[in-house]
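Student: I am new to this structure and would like a close look at its nonpolar interior. Please take me through that part in one connected account.

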Amino acid sequence: MASNLDTLVTVFGGSGFLGRNVVRALCKRDYRIRVAVRRPELAGHLQPLGKVGQIHAVQANLRYPASVEAAMRDSHVAINLVGILAESGAQTFDAVQGTGAGTVAKAASAVGARVVHVSAIGADENSPSGYARAKAAGEKAVLAAAPSATILRPSVVFGPEDQFTNRFAALARISPALPLIGGGLTKLQPVYVGDVATAVADAVDGKTKPGATYELGGPEVLTMREVMEVILATIERRRMLVSLPFGLAKFQSMFLQFAPGALKLTPDQVALLRSDNVVSEAAKAAGLTLEGLEIAGDSLQAVVPQYLWRFRRAGQFQKKNA
């Protein structure tokens, strides 16, 4: 029987939040890993995740097919994790999440490598959100080039160093009120980053159905208001939750899209919040979920106290641990 050490997995976008968790999961299963990123000199933080020589970083940019083809040389599996939450210069949704996804699949197909593509729940070619439309275009391009590819669609991903729970916790530290766009009624199914990484590793192991699209959500469906309440309870801060109509939120986002850090809000993010982000009934019925992969998901309330404690006031934390 062939060892996983004989399998070279190229991970595009392996140095990011989800990427480092995927690399860790693959290291534990003894795969050889090539991390393809735009700035390989900034991927040194991945080395401690594996054994000596197990992880190797190379340069690749999804906007340049030749670099993707070079990164795929001699690879057995391609994992595409590349995604952006906001556009910047040449890094547009279409270039990165649409055309770029197809570029990875074509390069993988050319060398006979399997493809695992991470998209997002809400990918829809008819969505008012450019992010969601590009995700749908990426899925279509991947399946056109590699029909047996596995597509994984996570809901909102949370965990240490995420841009979700950490963002709102940081905002709560500096603001007396937190906005609830659309009244905070949008439903989410937050999924722990470690569970998504396990699903990706399972796909590499061959445990997923070829050509299938899996929807990955955690064990809880929460409204945006309920998510905010969990975060505030965790960091032990009282803040007003103020309803913000979609129209007003879109207007404010025209200016806030240029704001730094936690204050940043783009019109596209407002558009995304108009639709619920939960696992579909069709995916549940077909077993194309975390449960279908026999992964017991971790809940938001169980995990966030492990890393959001640093947003509590120093005196509160010291008293709690006295």
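Tutor: What follows describes the nonpolar cores, then a helix pair and one loop residue. The model is predicted.

In soluble globular proteins, nonpolar side chains tend to be buried together. Here the largest nonpolar core has 39 residues, and the members that touch the most others are Val 9, Val 22, Leu 26, Ile 33, Ile 79, Val 116 and Val 204. At least two residues of this core come from each of β1 (8-12), α1 (17-28), β2 (32-37), β4 (77-80), β5, α6 (193-205) and β11 (213-216). Helix α6 supplies the largest share, eight residues. Val 22 shows some of these links: apart from neighbours within four places in sequence, Val 22 contacts Ile 79, Leu 81, Ala 197 and Val 200. There is also a second, separate core of 27 residues, with Leu 62, Val 82, Phe 93 and Ala 146 among them.

Next, the helix pair. Helices α5 (residues 165-174) and α7 (residues 224-235) pack at about 65 degrees, their axes 10 Å apart, and the crossing is right-handed. On the α5 side, Thr 165, Phe 168, Ala 169 and Ala 172 meet Met 224, Met 228, Ile 231, Leu 232 and Ile 235 of α7. Eight of the residues in this contact are nonpolar, one is polar and none is charged.

Last, the loop residue. Ile 121 sits in the loop between β5 (114-118) and α4 (130-145). Ile 121 counts as buried because its relative accessibility is 7%, under the 20% cut-off. Beyond neighbours within four places in sequence, the contacts of Ile 121 include Arg 153, Pro 154, Glu 215, Leu 216 and Val 278. The C-alpha atom of Ile 121 is 8.8 Å from that of Gly 217, although the two residues are 96 residues apart along the chain.

Technical notes: Residues numbered from 1 in each chain as written. Predicted model: local features only at pLDDT ≥ 70, side-chain atom pairs only at ≥ 80, totals over all residues. Heavy atoms only, no water. Helix = DSSP H or I, 4+ residues; strand = E, 2+ residues; numbered from the N terminus. Buried < 20%, exposed > 50% of the residue type's maximum accessible area, 1.4 Å probe, protein only. Contact = heavy atoms within 4.5 Å. Axes fitted to C-alpha atoms, helices over the stretch in contact; angles between N-to-C directions. Left-handed = near helix turned anticlockwise from the far one by under 90°. Nonpolar A, V, L, I, M, F, W, Y, C, P; charged D, E, K, R; others polar. Core = buried A, V, L, I, M, F, W, Y, C linked by side-chain atoms within 4.5 Å.
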